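Here is a short report on the structure shown below. It takes the sheets first, then the chains as wholes, then one loop residue.

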Amino acid sequence: MAITELKGVSKSFGTVRVIEPLDLTVESGEFMVIVGPSGCGKSTLLRMIAGLETVSCGTIAIGGADVTGKEPSERGVAMVFQTYALYPHMSVRENMSFGLEMAGIPKAEREVLVRKAAATLQLEDYLDRKPKQLSGGQRQRVAIGRTIVRDPKVFLFDEPLSNLDAELRVQMRLEIAKLHRELGATMIYVTHDQVEAMTLATRIVVLRDGRIEQVGTPNELYTDPDNTFVAGFIGSPQMNLIPAIVKGTDDKGHALIDVPVLDVSGFAVPLRNPTKNLPAEAVFGVRPEDLIQCDKAAASDFTLICELVEDLGSNVFLYNAASREDAIVAELPRGTHPAPGDRVPFRVSDGTSYLFAPDGKRL
Amino acid sequence: MSRGRSWNLVLIAGLLFFAALVGLPFWWVISGSFKIPQEIIARIPTLFPQSFTLEHYQKLLSSSDYGTYLVNSLVVSSLSAFITLLLAIPAGYAFFRLEFKGRETYYRIILLAYAFPSIVVLIPLFGMFAKAGLVDTRLALIIVNVAFALPFAIWMLRSFFASIPKEIEEAARLDGGPPLTVLWRIMIPLTAPGIAAVAIFAFVTSWTEYVFASVMILSDARRTIPVGFSGIIGQYQVDWGLLLAGASLAILPVVIVFAFIGRWFVTGLTEGAVK
Amino acid sequence: MARKPILAFAFVAPALLFLAATLAWPLVSAFVLSLQNVRGIGTSGQWVGLENYRFILTYAAFWESAGLSLIWVLANAVVQTLLALAAALILHQKFPGVRIARTWIILTWIVPTVVVVMIWRWLFSTSGGMINPLLIQLGILDRPVGFFATPESAFATLVFINSWRWFPFIALMMLAGLSRIPTELYEAARIDGASAFKRFTRITWPLLAPTLTVLLIIGTLLSFNVFDIIWLMTQGGPAGGTRTLPILIYETAFRSYRMSEAATIAVLATVLLMAFAVLATRSLARSGDER
């Protein structure tokens, strides 16, 4: 159990800077998920914490001790790799005990620790098998087991579920969450999947182009995004981001905007920091699930012309254009089936819309 | 993949062609070594022997030190293969994984050594061995054989190491394995087919080497098979039966070695040699 | 591990030092020797500067040998590569016994060259050899031919024997390149309606090309250096018709006892070969970058 602290950490490969100098503190016992699109530097960041990549600048401390220049094995971390990286020529038992052996732990003690971890992960029957003889989920468990036995200060996960099929992914997600609860350990978890981030994390770091866009609890990121990137990245389908013109403000701290695409004028949007000093143009953001279908056109804020309907069974999504970039998406109640060309009236659920500056910053 | 009937015919024809190209010469040599002399030089050669005799083998073994040559060749080739591995495994691993100054330059230089006309170093090397008192020793042959097998061995091993996923080594680093342990416990077991292939390569290179063995070795008791055999050829110019028996015996050991580990050589060669 | 250069040094140094002592140092010695006028091995001589180079570069036998070496390399490259390619394509198919075929095709390479030479000398001989009767029966020849009687036929026969010895090795390396081509590509091409021939020219060939280039370079270096097969078979004859550069070097050193001149030829040959190797690998690296 330990606080992990990154101070001014950056990484360059040659002249290319992949991680801008950043500070990050992961509290003891926290489940921190680093999320971002591919190529955002999230894996590099994790590998720097692991010691598999050197840092170009800055320091990394784990449990108060500076580990910046230390070997991976001296940092008290353990890691689950995307490809599991099990030793193919060793049995499950040998895979799990290799690290203990390297640490000089006597054989009898290793056996006890391996058995205990195997029991936690329901691997007791497979201890003598080779990784080749295991299913994907079992391999995943062995990879996790290998980290548990070493009782590290920090667990690192590098997209551990991306090689599993959908059903197994959900199951392993639950198991990892359970593991975190049982061990109470610090975990740092990298993924590009925002669902994994939302379900597992106590806090999420959203990373883009080597910069931290926002750090917060899943709920904070969902309800109070700092910018259009976070707003678009968290939540599925993603938030509608629509060009708008700022007309002024009211006395309740709302901005009044026109949205030409929706044929809406004078709509009131809550501001994070009420101010009169607003740009003339802005981006109006509203999540599909916050658009509510109205019975009568009179009570509605605007009308969408149905172009395409996606019925997922549990809910239905309406698109007003065939291409995702242009479309405004709205969630409809289960069982609703508007036909293409239908005009469907909507209103915006109270207090669930956002306004962003043209550069993406939240207003 | 399924094939059409005409393609099957082409395939069979091709197979027969190569089977004949590679197999027939050996068949004639080995079957010929059991034929009586009259049949060997018959105007119309026989594909299947009409006679059977061991006289050529008896004559060969009684009139020459063939057994000694065989032992010498086995000793020299095995030790050459062993030392090549000893030097090539760490070097191949370092060239692949460890970062150090001038790595690429050294690697290129080693590859250039592969482009060496071996005859070039024959003269100076002989002088060096003469000074060191190594002329007419099997050690001299081992040194030369290792020198010629090493560049290719390093090159091959480097690509075998490259075929191991990076994450496995990283996992080993996180597990706290020091580099030598990682090499010994993880990398070597995982590249076993490749290492076998390199060992066979070095063994065969030494087993077939003629030029240096003929120049460096002076006494009959230290001759290897190629040199010993060429001596017999020179001595019994047209005694084909004797020569065929000698050739058969020179083929036999490598064939036995290959029957056991040849499969590894081929998988090794086809799975990692060329990037 | 970047922080442990000593370790890397310990891993690489033994091999490097070994090669320096056994290959690099002798090469330097050969160069030193080429600047002197040493005759017999172990005797001493005076410094003569570039005199040997002036002599060798105007020495007709050197240029004849260099020309023969060039033809030797080209002829072997063609024969060897074609045989290897055909064999590799066959071994790449699935058929019963393919594993055995893949293993034992290498037989020609694992046998001592002396034995190879003996086998073929016997098979090509006019007394008891199989080749002459075989060719007569097939109607290709009407009477026995001495394959080593004329320079041209001796040279061609040697190209065949050397290619015979090396083609399986090259074929296995090609097989490595072939097995790296994903089978899905062939399946996609079949669905697109490509004939077997088209699949070869449009998929196999372009994807195999990089491997082929590497193997051509390796093959060139290997055949240039071939000494034992030629020496044991013809000793450079008849009439110098198979006297490639390695043969000339050996003759000059150990038959004529003109060590310094032999060293000079050796140095020139090395420079030539190194230049080829450097240029070839560099162009290979460049085309590799483009991929």
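Two strands pair if DSSP finds at least two bridges between them. Helices (H or I, at least four residues) and strands (E, at least two) are DSSP runs, numbered from the N terminus. This is a predicted model: local features need pLDDT of at least 70, side-chain atom pairs count only at pLDDT 80 or more, and totals for chains, interfaces and linings use all residues. Residues are numbered from 1 along each chain as its sequence is written, while chains are lettered from A and ligands numbered from 1 in the order in which they are written.

**The five-stranded sheet of chain A**

Five strands of chain A make an open sheet, ordered E13-E12-E11-E14-E21, with antiparallel pairing. Strand E13 (264-270) and strand E21 (353-356) of chain A are its edges, each pairing on one side only. From one strand to the next, the twist averages 45 degrees. Axes here are lines fitted to C-alpha atoms, for helices over the stretch in contact, and angles run from 0 to 180 degrees between N-to-C directions.

Inside this sheet, strand E11 (residues 240-249) and strand E12 (residues 254-259) of chain A run antiparallel and share four bridges. Gly248(A) has Leu256(A) in E12(A) as its bridge partner. Strand E14 (residues 281-286) of chain A is likewise joined to E21(A) by four bridges, and the two run antiparallel. Here Val283(A) stands opposite Phe356(A) of E21(A).

Which way do the residues of E21(A) point? Ser353(A) and Leu355(A) point one way, Tyr354(A) and Phe356(A) the other, and all are buried. A residue is buried if 20 or more other C-beta atoms lie within 10 Å of its own, exposed if 12 or fewer, and partly exposed in between; C-beta atoms are placed from the backbone.

**The six-stranded sheet of chain A**

Chain A also has an open sheet of six strands, in the order E6-E7-E8-E3-E9-E10. Its pairing is mixed. The edge strands are E6 (77-80) and E10 (211-216) of chain A, each pairing on one side only. The twist averages 20 degrees from one strand to the next.

E3(A) and strand E8 (residues 186-191) of chain A run parallel, joined by five bridges. Phe31(A) has Met187(A) in E8(A) as its bridge partner. Helix H4 (residues 136-148) of chain A lies across E6 and strand E7 (154-158) of chain A, and runs at about 180 degrees to E6(A).

**Chains A and B as wholes**

The table sets the two chains side by side.

| Chain | Helices and strands | C-alpha span along principal axes | Buried residues |
|---|---|---|---|
| Chain A | eight helices, 21 strands | about 75 × 45 × 35 Å | 40% of 363 residues |
| Chain B | 13 helices, zero strands | about 70 × 65 × 30 Å | 52% of 275 residues |

Two residues are in contact if their C-beta atoms, placed from the backbone, lie within 7 Å. Take contacts between residues at least 6 apart in sequence: in chain A, 64% of them join residues at least 24 apart. In chain B, 79% of such contacts do so.

The mean pLDDT (the predictor's confidence in each residue, from 0 to 100) of chain A is 90, and 100% of its residues reach 70 or more. Among the elements of chain A, strand E16 (residues 302-305) has the lowest mean, 88, and strand E3 (residues 31-35) the highest, 95.

**Where chain B meets chain C**

75 residues of chain B are in contact with 77 residues of chain C. Eight helices of chain B give two or more residues to this side, among them H1 (5-32), H4 (66-96) and H13 (240-272). H13(B) gives the largest share, 13 residues. By class, this side of chain B has 65 nonpolar, seven polar and three charged residues. Ala, Val, Leu, Ile, Met, Phe, Trp, Tyr, Cys and Pro count as nonpolar, Asp, Glu, Lys and Arg as charged, and the others, Gly among them, as polar.

**A loop residue: Thr202(A)**

Thr202(A) sits in the loop between helix H6 (194-200) and strand E9 (203-208) of chain A. Why does Thr202(A) count as partly exposed? Because it has 15 C-beta neighbours inside 10 Å. Leaving aside neighbours within four places in sequence, Thr202(A) is in contact with Glu30(A), Phe31(A) and Thr217(A). Ser314(A) is 112 residues from Thr202(A) in sequence and 27 Å away in space, C-alpha to C-alpha.
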